[in-house]
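Trainee: I would like to learn how to read a structure, one feature at a time. Where should a beginner start?

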Amino acid sequence: MAQGPALVCRLLASSVSVAHKAGKIIRDVMQKGDLGIIDKGENDLQTEADRSAQRCIVASFKNLYPNVNIVAEEVDKISQNLDVPADWLITDLDPKILDLECPKSLQGVTEDQVTIWIDPLDGTSEFTKGLIDHVTILIGVCVNDEAVAGVIYQPFWQNRGRALWGLVGSGVGGFELKEPPQTKKVYVTTRSHYDKAIEKFIDGLKPCEIIRVGGAGNKVLYILEGKAHAYVYPSAGCKRWDTAAPEAVLRAAGGELTDVYGNKYSYSKENEKDPLNKYGVFATAPSYNHTEFMKLICDIQSKNEKND
Ligand SMILES: Nc1ncnc2c1ncn2[C@@H]1O[C@H](COP(=O)(O)O)[C@@H](O)[C@H]1OP(=O)(O)O
Ligand SMILES: [Mg+2]
Ligand SMILES: [Mg+2]
Ligand SMILES: [Mg+2]
């Protein structure tokens with residue numbers, strides 16, 4: 001008897017659908033111009049767009065998948081038991097995603113094994129400065145420890161939004177995967193959280209071109225669209241909700257994302273208590289050997305430690 005699409009494929013298609021709805025909420029807040037900015041502490045900003053986009057995504061998922069674990073960046077009790085307005089309901093699931101060949105290892109997955117890591121607006125600092133191209137919505141579908149599917153959504157793309165999605169072991173969609181330039185190495189790093197430690201690290205990678213832009217999702221986008229070989233962020237600062245979706249899409253495309261030791265982050269629900277990516281973020285394009293890259297990073301790390 002036909003089983004219908006696997007849960008992971010339905011969750012991925014639902015992520016794309018709800019990202020479009022949350023994207024419209026973000027565009028509307030920007031259009032109204034009243035961002036409702038608050039500082040959560042140490043210049044860690046949050047706007048009305050972060051709050052409303054999260055409410056839409058969390059309420060919609062809770063409504064359709066009540067037993068899935070959900071961890072989202074913004075503390076917001078409201079969305080836990082919200083009546084979902086009709087225009088937030090998850091609809092029109094993309095048949096291209098529902099029809100994906102789901103890897104055998106993921107076919108029997110049940111809701112209790114799934115944790116959805118949500119960053120309703122990645123690049124808040126840039127959003128408050130009007131740098132809207134740096135902004136993405138990140139929805140990572142994780143099974144036990146692993147980020148297996150994800151959506152990097154650009155709400156301001158051609159002012160109607162674009163979803164880039166991936167299912168590890170199956171494929172990617174919504175964009176054209178491009179290779180980085182054959183000539184010089186290009187690295188992408190933080191725009192708004194730059195510090196001396198990062199600067200020393202980046203110096204160690206020279207000669208190369210350094211691009212500084214906001215957002216974890218946006219920087220992985222630079223890799224997927226062939227504008228950079230690797231994303232380098234040697235400090236703590238990002239959280240699991242910043243990397244779950246970008247890691248899943250990048251790995252589905254053949255790339256890699258690890259900490260400074262070359263280890264993958266665990267995305268199990270237990271990490272909700274301590275979501276900090278303590279050992280940085282290092283991501284590489286499919287054609288850039290991650291092991292080689294991490295050897296280079298390790299050399300820079302030990303040189304910096306010797307000179308300290
Ligand atoms: N020190 C930090 N404090 C809070 N969030 C951080 C910090 N460093 C990084 N982030 C999060 O990781 C993302 C990538 O960092 P960067 O843009 O500096 O490369 C940021 O957009 C921000 O996500 P968010 O905007 O969702 O709060
Ligand atoms: Mg934030
Ligand atoms: Mg973020
Ligand atoms: Mg955020």
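**Reading helices and metal sites**

Mentor: Start with a helix, and keep in mind that this is a predicted model. Helix α2 covers residues 48-64, which is 17 residues, and spans 24 Å between its first and last C-alpha, close to the 24 Å expected at 1.5 Å a residue.

Trainee: How many of the residues of α2 are buried?

Mentor: A residue counts as buried when its relative accessible area is under 20%. In α2 that holds for 13 of the 17 residues, so the helix is largely enclosed by the rest of the structure. Look also at the start of α2, where a side-chain oxygen of T47 comes within 3.1 Å of the backbone nitrogen of A49.

Trainee: How many residues does α8 have, and what is its reach?

Mentor: Helix α8 has 13 residues, and the distance from its first C-alpha to its last is 18 Å, close to the 18 Å expected. Here 13 of the 13 residues are buried, so α8 is largely enclosed by the rest of the structure. Just after α8, G254 has a positive phi of about 105 degrees.

Trainee: What does a single residue of that helix touch?

Mentor: In any α-helix there are 3.6 residues a turn, so residues three or four places apart point the same way. Take A244, which sits in helix α8 (residues 240-252). A244 is buried, with a relative accessible area of 0%. Apart from neighbours within four places in sequence, A244 is in contact with W117, G140, C142, A147 and Y267. The C-alpha atoms of A244 and I116 are 8.7 Å apart, although 128 residues separate the two along the chain.

Trainee: Now the metals. Which residues coordinate the magnesium ion (ligand 4)?

Mentor: To read a metal site, list the donor atoms and then find them along the chain. For the magnesium ion (ligand 4), the donors are E73 (OE), D119 (OD) and L121 (O), at 2.0 to 2.3 Å. Their spacing along the chain is E-x45-D-x1-L. E73 lies in the loop between β3 (69-72) and α3 (95-98), while D119 lies in strand β4 (residues 114-122), so the pair ties together parts that are 46 residues apart in sequence.

Trainee: Are E73 and D119 buried or exposed?

Mentor: E73 is buried, at 15% relative accessible area. D119 is also buried, at 1%. In addition, E73 bridges the magnesium ion (ligand 4) and the magnesium ion (ligand 2), which are 3.6 Å apart.

Trainee: Which protein donors does the magnesium ion (ligand 3) have?

Mentor: The magnesium ion (ligand 3) has D119 (OD), D122 (OD) and D242 (OD) as protein donors, at 1.8 to 2.0 Å. The spacing is D-x2-D-x119-D. D122 is buried, with a relative accessible area of 5%. Between the magnesium ion (ligand 3) and the magnesium ion (ligand 2) the distance is 5.0 Å.

Trainee: How many residues surround ligand 1, and which are the closest?

Mentor: There are 19 residues around ligand 1, and the closest are G123, T190, H193, G215 and K219. Next, look for polar atoms facing each other. A polar backbone atom of G123 is 2.7 Å from an oxygen atom of ligand 1. For a polar backbone atom of T124, the distance to an oxygen atom of ligand 1 is 2.9 Å. D242 contributes a polar side-chain atom 3.3 Å from an oxygen atom of ligand 1. The protein covers 89% of the 530 Å² of accessible area that ligand 1 has on its own.

How values were computed: Residues numbered from 1 in each chain as written. Chains lettered and ligands numbered in written order. Predicted model: local features only at pLDDT ≥ 70, side-chain atom pairs only at ≥ 80, totals over all residues. Heavy atoms only, no water. Donors = N, O, S within 2.8 Å, 3.2 Å for Na, K, Ca; no water. Helix = DSSP H or I, 4+ residues; strand = E, 2+ residues; numbered from the N terminus. Buried < 20%, exposed > 50% of the residue type's maximum accessible area, 1.4 Å probe, protein only. Contact = heavy atoms within 4.5 Å. Near = heavy atom within 4 Å. Polar contact = N/O pair within 3.5 Å; in protein donor to acceptor, adjacent residues only side chain to side chain. Areas by Shrake-Rupley, 256 points an atom, 1.4 Å probe, with all protein chains shown as cover. Expected span 1.5 Å × (residues − 1).
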